[in-house]
Amino acid sequence: MLPEPDPALCRDLADDLRDAGFTAEALRDAWGVAADDAIARGLRSPAARALGDRGDPLAVLGRLLVLGMPQAAASVDRALVRTGAEGLAYLGLATLAGSSVQPLAVVRPQSYADASGTGQWWIASDLDEAALGGPLPEDHVLGVGGASLTLAGLQLPTPAVRGLDIGAGCGIQALRARAQVEHVVATDISPRALGFTRLNALLNGVDGIEVRLGSLFEPVDGEQFDRIVSNPPFVITPRVAGVPAYEYRDGGMVGDDLVAAFVAGVGAHLAPGGVAQLLGNWETRDGVPGLERVREWVASSDVPLDAWVVERESLDPLSYAELWVRDGGTLPGSPGFARLADAWLDDFAARGVTEVGFGYLLLRRPLEGSPTLSRYESLHTALAGDSLGAHLAAALDAHDRLVGVDDAGLAASVLVVAPDVTEARHHLPGAEDPTIIELRQGGGFGRALSVDPASAALVGACDGDLPVGVLVDAIAELLDVDAEALRADLFPRVRELAFTGFLRLAG
């Protein structure tokens, strides 16, 4: 467990890191893009080779705090003039062994972009397998990885009063939430993880984060929040002897029961209008698709919820097993890899699992009345951008503005085509009319839609000038079709185009 972090010492360390130019961009320039990418794959030697014998503060701190390599105490004292090697040891980030400083944690600079602009955090977490030289301990506290960055980018960039981060880990989601939420409660079953959350909040000068020890909703019994975010330990792990149960990824339940329990319990902790966002896995069992099982979880919630669930990828049982055996630091060809993979395959076979999906869940407690949003979709294409939070917020706003609008109201609405939308027309050689008309999104989920001439004409005419009804009537006259029939055909598509961000409501 980390010691209680000293606020003044954390401020000193932040000042030292700032003076050393300890940024993600500076480190990438120092050891090169290829070496930077290799670090993410657990290979630190290219970066170390690129730094050579450089003794400047950036190089010393890069070796010590990013690569997890021991450094001379005198060099660390020169690089961290306020904190010194003893200060790092006092914070639990290193230990002193004679004239050498041995790192006990990594402190990585992490750039970010949100609604307020760009910035950078320093995120402390446990040493990775490259620095440890072997598999991770079961109480390992993970740093900032791809999944955590994904969830941080998914968070809605809209203001809220009370927030909850379940399974806080190193605290990255709580830090991101505090940009919009006045007070955040961060929970975890690991005292060590909460220690890193406290440390990282102080290191980055972020107040308003309260930590509580406990599992799922136990630490907030009877409380409600405007915003709940969680990168829970959703990884499906066999419950058999000899399979490591890593706290950062394994919630101790069978199959996808942890995500199911979260969905079942979150509604009671959402204030009216409150939104929960999380990542998760779900199994396709005995022929029942994973997304359908998630739909059943939402339907069984004691509190009715709006739901928007997006499956980003799916893996067969063997691919899933290999992924998470490697993630724990057991490499293919090493002792134990085949044994662990077999344990996963046996576990899946016992439940009739043929596929495991991964994706995002957005759940909302209606302000009043019954849920109006129920959307479950698979989007296995590459994302157009890194941050989806603003896109999700815009989609919810469009849904809420249109859900109570009948067709007459929609006909009177004025729409504008989004600036990131492009159109492509594909013709057979010599043909006058296109065989395919495709609309593409440059942002959001990067959707591509094949549309008919009437839909393409409507989207092209939405310039914020005339209402939808007038445009549809003009298109009907141009195509020589019945106007009422065309309205009946196009209006549901217009609602979908507004939700997905191809069209925007003027005003």
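User: In this predicted model, buried means under 20% relative accessible area. Are R212 and E223 buried or exposed?

Analyst: The side chains of R212 and E223 meet in a salt bridge, with 2.5 Å from N to O. R212 belongs to strand β8 (residues 209-213), while E223 sits in the loop between β8 and β9 (225-230), so the pair ties together parts that are eleven residues apart in sequence. By the cut-off of under 20% relative accessible area, both R212 and E223 are buried.

User: What is the relative accessible area of R375, which forms a salt bridge with E377?

Analyst: The closest N and O atoms of E377 and R375 are 2.9 Å apart. E377 has a relative accessible area of 12% and is therefore buried. R375 is also buried. Its relative accessible area is 17%.

User: D473 meets R487 in a salt bridge; which accessibility class does D473 fall in?

Analyst: The N to O distance between R487 and D473 is 3.0 Å. R487 is in helix α20 (residues 483-500) and D473 in helix α19 (residues 468-479), so this salt bridge ties together parts 14 residues apart in sequence. D473 has 32% relative accessibility, and the class between 20% and 50% is partly exposed. D473 therefore counts as partly exposed.

User: Which residues are joined into one network by salt bridges that share partners?

Analyst: The structure holds 30 salt bridges. Some of these share partners and link up into one network. Its members are D256, E283, R285, R293, D347 and R351.

User: How are helix α2 and helix α5 oriented to each other?

Analyst: Two packed helices are described by the angle between their axes and the distance between the axes. For α2 (residues 24-31) and α5 (residues 57-66), the axes come within 11 Å and cross at roughly 100°. Angles of 65 to 115 degrees count as roughly perpendicular, so α2 is roughly perpendicular to α5.

User: How many nonpolar residues does the contact of α2 with α5 have?

Analyst: From α2, the contact involves A26, L27, A30 and W31, which meet L58, G62 and V66 of α5. Gly counts as polar, and the contact has one polar and no charged residues. The nonpolar residues number six.

User: Which residue in the hairpin of β16 and β17 takes a positive phi?

Analyst: Strand β16 (residues 436-441) pairs with strand β17 (residues 448-451) in the antiparallel sense over four bridges. Within this pairing, L449 in β17 is the bridge partner of L439. The hairpin has six residues between the strands. The residue with a positive phi, near 55°, is G444.

Definitions and conventions
Residues numbered from 1 in each chain as written. Predicted model: local features only at pLDDT ≥ 70, side-chain atom pairs only at ≥ 80, totals over all residues. Heavy atoms only, no water. Pairing = 2+ DSSP bridges. Helix = DSSP H or I, 4+ residues; strand = E, 2+ residues; numbered from the N terminus. Salt bridge = Lys/Arg side-chain N within 4 Å of Asp/Glu carboxyl O. Buried < 20%, exposed > 50% of the residue type's maximum accessible area, 1.4 Å probe, protein only. Axes fitted to C-alpha atoms, helices over the stretch in contact; angles between N-to-C directions. Parallel < 35°, antiparallel > 145°, perpendicular 65-115°, else oblique. Contact = heavy atoms within 4.5 Å.
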